[in-house]
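Please open the model in your viewer and keep the selection tool at hand, since each stop on this tour begins with something to select.

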Amino acid sequence: MAGIGLFRIFDPKVRRHLISDEGEVVIDEVRHHWVVFTVPMLEVVLAAALLLTMATTAIGGQPVLLAIVLVLLSHAFWQFLTQHRDRFVVTNMRVMRIRGVFSQTVATTPIARVLDITLQKPIIGRMLGYGHFVFESAAQDQGFREIKWVSRPDDRDLTIQRVIQRTGLRASASVDVLQGDEDSDDDGTGPIGMDSAQEVSASTPAPAAAQSTSRPTPPQSSSASKSIFNSERGNWTDNE
């Protein structure tokens with residue numbers, strides 16, 4: 001329980017940075033892999049061993065050993081805070097990186113600007129389950145050049161790719177519907193939030209006979225685009 005309370009005290013509190021009134025929700029909050037805490041834990045073990053030696057044996061230089069213990073514990077605690085407060089967050093609108101202990105740095109960029117992602121998995125990383133992300137192009141200007149020590153890198157990579165694809169497909173689908181263009185790159189599923197049958201029925205004009213006997217109906221492009229934007233908010237609704 002004490003450990004859980006310690007984590008909550010020093011948590012960076014990511015949700016306070018969300019644009020909640022615009023419907024922004026967290027898709028994934030990436031913490032560092034446990035391997036980054038290996039060195040701090042070794043320092044704590046070494047400090048405990050020194051304290052045990054000082055308590056059980058009468059050796060000289062105890063003030064020096066005590067100073068070494070304090071240095072080891074202080075450095076271990078600082079490393080723990082630094083790694084624990086370094087978060088990479090993926091939302092339905094943007095990506096953020098929050099880091100810092102006393103002074104905090106919050107770097108953000110729209111999800112549409114994340115273009116090229118390289119996933120690096122060294123041999124030890126493949127065995128222990130971590131990897132490194134390398135972001136190219138626009139994202140690197142906002143502090144996203146490298147995101148290291150990511151746990152479950154394959155799952156995180158798929159999550160980011162899904163968010164990017166959904167955002168990009170919605171934007172292109174809205175432009176196609178508003179301009180009346182054909183969906184030349186349709187893969188058979190239609191834009192996200194509207195299947196192919198709905199897309200065809202929304203974009204096909206009414207027959208001439210029906211138009212002559214009834215009141216003229218307004219163009220369907222605005223309603224089609226409205227359904228896409230409404231589905232965008234619906235797909236990202238936080239079920240909690």
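Select D28 in strand β1 of this predicted model: D28 is buried, with a relative accessible area of 13%. Now add R156, which forms a salt bridge with D28, the closest N and O atoms being 2.8 Å apart. R156 lies in helix α5 (residues 153-179) and D28 in strand β1, so this pair ties together parts of the chain that are 128 residues apart in sequence. R156 is also buried, at a relative accessible area of 7%.

Next, select R87 in strand β2 (residues 87-91), a residue that is buried with a relative accessible area of 0%. Which residues should be shown beside R87? One is E29, whose salt bridge with R87 brings the closest N and O atoms to 2.5 Å; because E29 sits in strand β1 and R87 in strand β2, this pair joins parts that are 58 residues apart in sequence. Another is D11, which forms a salt bridge with R87 at 3.1 Å between the closest N and O atoms, and which belongs to the loop between α1 (2-9) and β1 (26-30), 76 residues away from R87. Adding R31 to the selection completes a network of salt bridges that links D11, E29, R31 and R87.

Finally, select helix α2 (residues 38-56) together with helix α3 (residues 62-84), whose axes come within 9 Å and cross at roughly 155°; the two helices are therefore roughly antiparallel to each other, and α2 passes α3 in a left-handed crossing. Among the residues that meet there are V44, L50 and M54 in α2 and L65, L72 and F80 in α3. The residues of this contact divide into 15 nonpolar, three polar and one charged.

Key: Residues numbered from 1 in each chain as written. Predicted model: local features only at pLDDT ≥ 70, side-chain atom pairs only at ≥ 80, totals over all residues. Heavy atoms only, no water. Axes fitted to C-alpha atoms, helices over the stretch in contact; angles between N-to-C directions. Helix = DSSP H or I, 4+ residues; strand = E, 2+ residues; numbered from the N terminus. Parallel < 35°, antiparallel > 145°, perpendicular 65-115°, else oblique. Left-handed = near helix turned anticlockwise from the far one by under 90°. Contact = heavy atoms within 4.5 Å. Nonpolar A, V, L, I, M, F, W, Y, C, P; charged D, E, K, R; others polar. Salt bridge = Lys/Arg side-chain N within 4 Å of Asp/Glu carboxyl O. Buried < 20%, exposed > 50% of the residue type's maximum accessible area, 1.4 Å probe, protein only.
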